[in-house]
Amino acid sequence: MNTRPHQEFTGKVVVVTGAGSGIGRSTARVFAQAGAQVLGVGRRQHALDETTTGHPTISTYAADLREPEASQLVIDTAVDRWGKVDILVNNAGATRMMPLDQTTATGIDELFALNITAPSLLAHASVPHLRRNGGAIVNISSTFGHRPLPHAAHYAASKAALEQLTRSWALELAPDGVRVNAVAPGPTESEALTAAGLSDADVEAVKQDEAARIPLRRRGEPDEIANWIAQLASPSHTWITGQVLTVDGGLALT
Ligand SMILES: NC(=O)c1ccc[n+]([C@@H]2O[C@H](COP(=O)([O-])OP(=O)(O)OC[C@H]3O[C@@H](n4cnc5c(N)ncnc54)[C@H](OP(=O)(O)O)[C@@H]3O)[C@@H](O)[C@H]2O)c1
């Protein structure tokens, strides 16, 4: 459920990557419900179209963010449509099971292209616009950005890198009044496990195992993450920067 103050983001332009499912879809809708113009980005146009249903202020742009030129095109599209970008949510990301004895250069490159390079190039392309309006970036990390994850070490490493980019960019952009924070979700309902190539049976087993290990004894819902993303981007929270907020039912404490 959206708990944002009414129309808090009126007049703001928000770019949300990975908006065709899960946390990104909820995030696009939370910002739209609070008055923002949203550009939702992902590869599957039909999934993005579903996100826009009932939300006329969400527009879409279909792109594979692993393509080096895609990030600039995304930001140019938002600026062409609305003249500015106020908030960038770097949400698109992928999990990949990759035990060390199956680790390949291609596997690492593909994961890092989406989880590290694309957020970096999107931040690069948006920063001139964010500087103009005192904007904000919210990066989406993971509990496993600050906890080890055997058999998916490069996913954990990519999120650890995103957390360090968050802190470094926060200092770099603070003189311009641009804030950079991150939300680190724990296991949350989305398409991520299926997208990682797991069978339906394996997805169910992982879900049950995760729920049992989470102190609050359940996986999260996308809105429970999206509301914190909006919170960190909110124009009413102008003195928080460089922080990684873990939203995971207590998993990081175990
Ligand atoms: N759900 C969790 O348990 C969890 C936990 C911790 C962190 N996270 C992080 O939360 C973020 C959102 O994940 P989610 O759980 O909501 O998973 P999801 O449902 O799989 O969403 C990921 C989105 O990213 C898009 N995407 C994937 N590859 C892309 C590419 N190359 N170019 C453009 N878009 C791409 C996907 O759309 P297309 O396939 O249409 O491109 C999809 O809509 C990710 O960064 C993930 O690492 C999730």
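In this predicted model, I108, L111, F112, N115, I116, P119, S120, A123, V127 and R131 of helix α4 meet H154, Y155, A157, S158, K159, A161, L162, L165, W169 and L173 of helix α5. Sorted by class, this contact of α4 with α5 has 14 nonpolar, four polar and two charged residues. Helix α4 spans residues 105-133 and helix α5 spans residues 153-173, and the two pack at an angle of about 15° with their axes 10 Å apart. Because angles under 35 degrees count as roughly parallel, α4 is described as roughly parallel to α5. The crossing that α4 and α5 make is right-handed.

A second helix pair is formed by α1, residues 22-33, and α2, residues 45-52, which pack at an angle of about 35° with their axes 10 Å apart. Here too a handedness can be given, since α1 passes α2 in a right-handed crossing. On the α1 side the contact is made by R25, A28 and R29, and on the α2 side by A47, E50 and T51. By class, that contact has two nonpolar, one polar and three charged residues.

The two helix pairs are set out below.

| Helix pair | Packing angle | Axis separation |
|---|---|---|
| α4 (residues 105-133) and α5 (residues 153-173) | about 15° | 10 Å |
| α1 (residues 22-33) and α2 (residues 45-52) | about 35° | 10 Å |

Turning from helix packing to open space, the second largest pocket holds about 180 Å³. Its lining comprises 14 residues, of which R218, G220, E224, D248 and G249 are the closest to the centre of the pocket. Taken by class, the lining of the second largest pocket has five nonpolar, four polar and five charged residues.

Two loop residues deserve a note on backbone geometry. Most residues other than glycine have a negative phi. In H151, however, phi is near 75°, a positive value in a residue other than glycine, and this residue lies in the loop between strand β5 (136-140) and helix α5, the helix that packs against α4. R217 likewise has a positive phi, near 65°, and is a residue other than glycine; R217 is found in the loop that runs between α7 (200-213) and α8 (222-233).

Technical notes. Residues numbered from 1 in each chain as written. Predicted model: local features only at pLDDT ≥ 70, side-chain atom pairs only at ≥ 80, totals over all residues. Heavy atoms only, no water. Axes fitted to C-alpha atoms, helices over the stretch in contact; angles between N-to-C directions. Helix = DSSP H or I, 4+ residues; strand = E, 2+ residues; numbered from the N terminus. Parallel < 35°, antiparallel > 145°, perpendicular 65-115°, else oblique. Left-handed = near helix turned anticlockwise from the far one by under 90°. Contact = heavy atoms within 4.5 Å. Nonpolar A, V, L, I, M, F, W, Y, C, P; charged D, E, K, R; others polar. 1 Å grid on protein atoms, 1.4 Å probe; cavity = no way out; pocket = protein on both sides within 12 Å on 5 of 7 lines; lining within 4 Å. Points joined across faces, edges and corners; volume = space filled by probe spheres on them.
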